[in-house]
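Q: I want to learn to read salt bridges and burial together. Where do I start?

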Amino acid sequence: GSIDVMAGSGSITQSAASVFLSTGATATARLLAATDVTVGDIDLTLGKVSITATAGSILDADALVSGANDADQDITASSLRLNAGTGIGDSVNHIETTVVTLSAEAKNGSIYLLEANDLIVDDVSLSVNRVGSNAATATTNSSDAAQSDIRTTGGNGNIVLRTTAGN
């Protein structure tokens with residue numbers, strides 16, 4: 001199934017214990033916020049996830065453990081697309097992921113990711129089924145176009161992508 005969370009103004013904030021869960025190879029989750037997106041747990045092991053923080057950052061809701069990244073995987077998915085107006089993760093609190101294919105763009109900041117396995121950097125796109133107030137479903141304005149690479153476009157960001165058990 002599809003998970004579609006949109007904040008037309010403001011932020012999307014998951015608590016550290018909050019979970020978005022969908023199963024199967026056709027599972028999709030799309031989080032779109034005007035400013036920040038704070039991620040608790042998003043678990044779509046075989047599916048696709050897209051997170052966009054239009055004018056803000058994508059952040060980890062989990063607290064540091066003894067001053068270091070925690071062991072909790074924030075995002076588990078087959079494909080992950082991250083797009084932020086400023087940054088993705090933080091230099092001391094990375095976004096922890098378990099993904100197969102990744103694309104990430106920070107427009108005016110840095111990217112900090114901690115991956116549990118090896119991964120592929122490639123195109124990621126997705127569409128979700130949006131349910132309207134009339135109970136009809138549509139994909140109008142609920143698709144994220146293909147995005148490739150891991151990059152910062154503001155010219156002032158760092159890219160830190162560490163893997164704990166991959167190649």
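A: Start with burial. Buried means under 20% relative accessible area. This is a predicted model. Here Arg-81 has a relative accessible area of 10%, so it counts as buried.

Q: How many salt bridges does the structure hold?

A: It holds 4 salt bridges. Look for a side-chain nitrogen of Lys or Arg within 4 Å of a carboxyl oxygen of Asp or Glu. Arg-30 and Asp-144 make one of them, with the closest N and O atoms 3.1 Å apart.

Q: Why does the pair of Arg-30 and Asp-144 tie together parts far apart in sequence?

A: Arg-30 sits in strand S4 (residues 28-33) and Asp-144 in strand S15 (residues 143-147), so the bridge joins parts that are 114 residues apart in sequence. Both Arg-30 and Asp-144 are buried.

Q: Which other residue forms a salt bridge with Asp-144?

A: Arg-81 does, its closest N–O approach to Asp-144 being 3.9 Å. This pair also links distant parts of the chain: Asp-144 in strand S15 and Arg-81 in strand S8 (residues 75-84), 63 residues apart. Asp-144 has 9% relative accessibility, so it counts as buried.

Q: Which residues are linked in a network of salt bridges?

A: Arg-30, Arg-81 and Asp-144.

Q: What about Lys-107 and Glu-105: which is buried and which partly exposed?

A: Their side chains meet in a salt bridge, 3.9 Å from N to O. Glu-105 is buried, at 11% relative accessible area. Lys-107 has 34%, so it is partly exposed.

Terms used. Residues are numbered from 1 along each chain as its sequence is written. This is a predicted model: local features need pLDDT of at least 70, side-chain atom pairs count only at pLDDT 80 or more; totals for chains, interfaces and linings use all residues. Side-chain values use heavy atoms; hydrogens and water are left out. Helices (H or I, at least four residues) and strands (E, at least two) are DSSP runs, numbered from the N terminus. Buried means under 20% relative accessible area, exposed over 50%, partly exposed in between (1.4 Å probe, protein chains only).
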